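Thanks for sharing this one. Below are some notes on its empty spaces and on two of its helices, in the order I would look at them.

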Amino acid sequence: MTRSDSPIVGNTDLRLLNLRQSLQEAGLDVSELHPMADTGLAHEHVWLCRQNGEDWVARLPKQSQMKLTPRANLDYQAACFARASQGGHTPALQAVLPPSNALPRGSLIVSAIKGRVARLPQDLPAIAETLASLHRLPLPSFNARPPLLAPASPWQAMLEEILEQARYLEAAQVSAATCQQLGEELQILQTWLTQDHSEAVALISFDAHPGNFLIRDDGRAMLVDLEKCRYGLPGLDLAHATLYTSTTWDVASYAELGLDDVHGFYRHWASAMNHDDRYCDQEAVLQCRRAMWLWSLTWCAKWRVEHQRARDATDAGEDWSNTLSDPALIAHVRDRVDHYLSLPIVTRVCTELAFLERLNLFG
């Protein structure tokens, strides 16, 4: 994580002053607050310097991608960090600042991670090991999995999310040719789901694009954004880490992977999972890749519509309004959305998937 060079002083930023007040009221010792670059649609981040040198980061929600109330959103994210950190590859949860007049959506305080952005393809093995550290964690009993999402059928839940977002395709004015291609890929997925298939679940990130990883000096990849964890299909994380729509999303970690890079990533993950047959089902893992890509594309259509709406004045629930983020970030997201929804890129991803289906993915 990176921070600005100078601490905030004076009364120039009411939001940071409110954060400092909330930290003091919670009895948390912080000497300096440094705003971090606005790089995400869901949070602002502030680097918190502490006298003992063990810095923290404040995650201030702009919205809830999970469509939760401010308090429920914090509880959900706190559970994500608390559970994922048991694998040793994520920041530790330090505190939760509840919603208040000063901070309407509250804040999560987590350990700061000092590291560089991921460089692909060379950091793919480290990312594979980090994801395996989540996927190997012991599963709690079904009743102990809330507040995290834990659908009885993760495949059906994923399909329902895709179909819900697909309703935006028309309003988003996605081309007929792109819609046709997406429809054909969705039909392949739906047909496959009528057959017997693996539903072995694990704790997953569901937001494993390379821009969410930092690489420490010791080479360990740290997954720093955990707000969307759930108990679901590990193949969704593997897809999100290596799909074109993920590796070209973040400017700093931008990369266009070759088939050998993707193949090597899957093999490294399988080795880190000790080739557990429950999870190393090639057909299921590749259908996860199709599903994650369809989810991403339909999300693009949703964002194209929703980001034009006015900000939610109640500071509650989901809110994609472009007024919540830096204009440069909105311009970047708009560029990526337009790019990913274009027919040549849709065709490119479909072609890659067809080639992967011909390989011995874990061999």
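1. Let me start with the lining of the largest cavity in this predicted model. The residues around the space are W155, S198, A200, L233, P234, G235, R278, Y279, D281, A284, V285 and C288. By class, eight of them are nonpolar, two polar and two charged. The volume of this cavity is about 80 Å³, and the model has three cavities of 30 Å³ or more.

2. Which helix gives the largest share of that lining? It is α9, with three residues. Helix α6 (234-242) also supplies at least two, as does α9. That makes α9 a good element to follow through the rest of this note.

3. Helix α9 covers residues 282-306, 25 residues in all, and its end C-alpha atoms lie 36 Å apart. At 1.5 Å a residue the expected span is 36 Å, so the two values agree. The helix is mostly covered, with 23 of its 25 residues buried. Do have a look at its start, where a side-chain oxygen of D281 comes to within 3.2 Å of the backbone nitrogen of E283. D281 also appears in the lining of the largest cavity.

4. Within α9, I would pick out A291. Is this residue buried or exposed? Its relative accessibility is 0%, so A291 counts as buried, the cut-off being under 20%. Beyond its neighbours within four places in sequence, A291 touches W155, M158, I162, L189 and L236. One of these, I162, is 129 residues away in sequence, yet the C-alpha atoms of I162 and A291 are 7.9 Å apart. Another, W155, is also among the residues that line the largest cavity.

5. Now to the open spaces. The largest pocket holds about 1100 Å³ and has 44 lining residues, with T39, H209, G211, N212 and D250 nearest its centre. Two or more lining residues come from each of β2 (43-49), β6 (116-117), β8 (213-215), α7 (244-247), α9 and α10 (327-340). The lining divides into 20 nonpolar, 16 polar and eight charged residues.

6. The second largest pocket has about 340 Å³ of space. Of its 18 lining residues, Q65, M66, K67, E161 and R230 lie nearest the centre. Helices α4 (154-166) and α9 each give at least two residues to this lining. What classes do its residues fall into? Nine are nonpolar, two polar and seven charged. To pull the thread together, α9 contributes to the lining of the largest cavity, of the largest pocket and of the second largest pocket.

7. Finally, a word on helix α2, residues 70-84. Its 15 residues reach 21 Å from first C-alpha to last, close to the 21 Å expected at 1.5 Å a residue. Of those 15 residues, 11 are buried, so α2 is largely enclosed by the rest of the structure. The buried set is P70, N73, L74, Y76, Q77, A78, A79, C80, F81, R83 and A84. As you go through that list, it may help to recall that an α-helix has 3.6 residues a turn, so residues three or four places apart point the same way.

Key:
Residues numbered from 1 in each chain as written. Predicted model: local features only at pLDDT ≥ 70, side-chain atom pairs only at ≥ 80, totals over all residues. Heavy atoms only, no water. Helix = DSSP H or I, 4+ residues; strand = E, 2+ residues; numbered from the N terminus. Expected span 1.5 Å × (residues − 1). Buried < 20%, exposed > 50% of the residue type's maximum accessible area, 1.4 Å probe, protein only. Polar contact = N/O pair within 3.5 Å; in protein donor to acceptor, adjacent residues only side chain to side chain. Contact = heavy atoms within 4.5 Å. 1 Å grid on protein atoms, 1.4 Å probe; cavity = no way out; pocket = protein on both sides within 12 Å on 5 of 7 lines; lining within 4 Å. Points joined across faces, edges and corners; volume = space filled by probe spheres on them. Nonpolar A, V, L, I, M, F, W, Y, C, P; charged D, E, K, R; others polar.
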